[in-house]
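Student: I have a new structure open and could use a walk through it. Can we start with one residue and work outwards?

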Amino acid sequence: MVRKIYVKTILNKHKRRDSWFLDDYSLNPYQLCQYNCLYCYIRGSKYGENIADELAVKVNAVQLLEKELRKRALRMEYGFIALSSSTESWQPLEERYGITRKCLEVISKYKFPIHCLTKSKLILRDLDLLKEINKRAILPSDLL
Ligand code: SF4
């Protein structure tokens, strides 16, 4: 049984832009990851060796993201959002809950650019939205 949790924030603003991926924000629609890869940097952290044990769905992620991106867009605080830094946005759970897809709809609505990291073919389901985001995204002015 997968836990469902309510989080206080969903969009993490970095103190400094990542120099490799150029993201200013990160977004983790789930807590931890079903894949539990041996090489994952999250393993051995506070979550221990089996990160799938603490797996959870962030059920209020979409509502929080809507609120946070509306505010950032009004202030023109555009920046790349990395999906994801400490989970796999397209892990098998996503087929059932669709949180990542709904987050992509919100990201497209507010025209933020994204950077995706995944090992899952499920990302292909969202190609329509990824293309839409690619067309609509507003880049931060210092990256133009
Ligand atoms: S898929 Fe990514 S987040 Fe998930 S366990 Fe593997 S490396 Fe970690």
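Tutor: Yes. Keep in mind that this is a predicted model. Take Gln31: leaving out residues up to four places away in sequence, Gln31 touches Ile5, Glu54, Leu55, Ala56, Lys58 and Thr87.

Student: Where does Gln31 sit, in a strand or in a loop?

Tutor: Gln31 belongs to strand E4. Its C-alpha is 7.4 Å from that of Glu54, although the two are 23 residues apart in sequence.

Student: And is Gln31 buried, exposed or partly exposed?

Tutor: Partly exposed, because 18 other C-beta atoms lie within 10 Å; 20 or more would make a residue buried.

Student: What about Leu32, buried or exposed?

Tutor: Leu32 counts as buried, because it has 23 C-beta neighbours inside 10 Å. Leu32 lies in the loop between strand E4 (30-31) and strand E5 (56-58). Its phi is near 65 degrees, a positive value in a residue other than glycine.

Student: Why is a positive phi worth pointing out?

Tutor: Because most residues other than glycine have a negative phi.

Student: Which residue in the loop between E4 and E5 also has a phi near 50 degrees?

Tutor: Asn36, again with a positive value in a residue other than glycine. Asn36 is found in the loop between E4 and E5. Asn36 counts as partly exposed, because 15 other C-beta atoms are within 10 Å.

Student: Switching topic. Which residues are around the ligand?

Tutor: Cys33, Tyr35, Asn36, Cys37, Cys40, Ile42, Thr87, Glu88 and Lys119. Asn36 is therefore one of the residues around the ligand as well as a residue with positive phi. Thr87, another of the residues around the ligand, is also among the contacts of Gln31.

Student: How does that shell divide into nonpolar, polar and charged?

Tutor: 5 nonpolar, 2 polar and 2 charged.

Student: Now the sheet. What is the strand order?

Tutor: E2-E3-E6-E7, in an open sheet of 4 strands with mixed pairing. Strand E2 (11-13) and strand E7 (114-116) are at the edges; each has a single partner strand, so one side of each has no neighbour in the sheet. The twist averages 30 degrees from one strand to the next.

Student: Which pairs run parallel and which antiparallel?

Tutor: E2 and E3 are antiparallel, over 3 bridges. E3 and E6 run parallel and are joined by 3 bridges. E6 and E7 are also parallel, with 3 bridges.

Student: Which residues face each other across those pairs?

Tutor: Here are some of them. Asn12 has Ser26 in E3 as its bridge partner. Tyr25 stands opposite Ile81 in E6. Ala82 is partnered by His115 in E7.

Student: Are the two faces of E6 covered or open?

Tutor: Both are covered. Phe80 and Ala82 are on one side, Ile81 and Leu83 are on the other, and all of them are buried. In a regular strand, side chains alternate between the two faces of the sheet.

Student: What comes right after Leu83?

Tutor: Ser84, joined to Leu83 by a cis peptide bond with omega of about -5 degrees. Ser84 lies in the loop between strand E6 (80-83) and helix H2 (93-97). Most peptide bonds are trans.

Student: Now the core. Which residues touch the most other members?

Tutor: The largest nonpolar core has 26 residues, and Leu27, Leu65, Ile81, Cys103 and Ile107 touch the most other members. Strand E3 (23-27), helix H1 (61-74), E6 and H3 each supply at least two residues. H3 gives the largest share, 5 residues.

Student: What does Leu65 contact?

Tutor: Ile10, Leu11, Leu27, Cys103 and Val106, leaving aside neighbours within four places in sequence.

Student: And which residues of H3 are buried?

Tutor: In helix H3 (residues 99-109), Ile99, Thr100, Cys103, Leu104, Val106, Ile107 and Ser108 are buried. H3 is followed by Lys111, which has a positive phi near 65 degrees.

Student: Last one: where is Glu77?

Tutor: In the loop between H1 and E6. Glu77 counts as partly exposed, because it has 14 C-beta neighbours inside 10 Å. The C-alpha atoms of Glu77 and Leu117 are separated by 22 Å, with the two residues 40 apart along the chain.

How values were computed. Residues are numbered from 1 along each chain as its sequence is written. This is a predicted model: local features need pLDDT of at least 70, side-chain atom pairs count only at pLDDT 80 or more; totals for chains, interfaces and linings use all residues. A residue is buried if 20 or more other C-beta atoms lie within 10 Å of its own, exposed if 12 or fewer, and partly exposed in between; C-beta atoms are placed from the backbone. A residue is near a molecule or strand if its C-beta atom, placed from the backbone, lies within 6 Å of it. Ala, Val, Leu, Ile, Met, Phe, Trp, Tyr, Cys and Pro count as nonpolar, Asp, Glu, Lys and Arg as charged, and the others, Gly among them, as polar. A nonpolar core is a set of buried Ala, Val, Leu, Ile, Met, Phe, Trp, Tyr and Cys residues joined through C-beta atoms within 7 Å. Two residues are in contact if their C-beta atoms, placed from the backbone, lie within 7 Å. Two strands pair if DSSP finds at least two bridges between them. Axes are lines fitted to C-alpha atoms, for helices over the stretch in contact, and angles run from 0 to 180 degrees between N-to-C directions.
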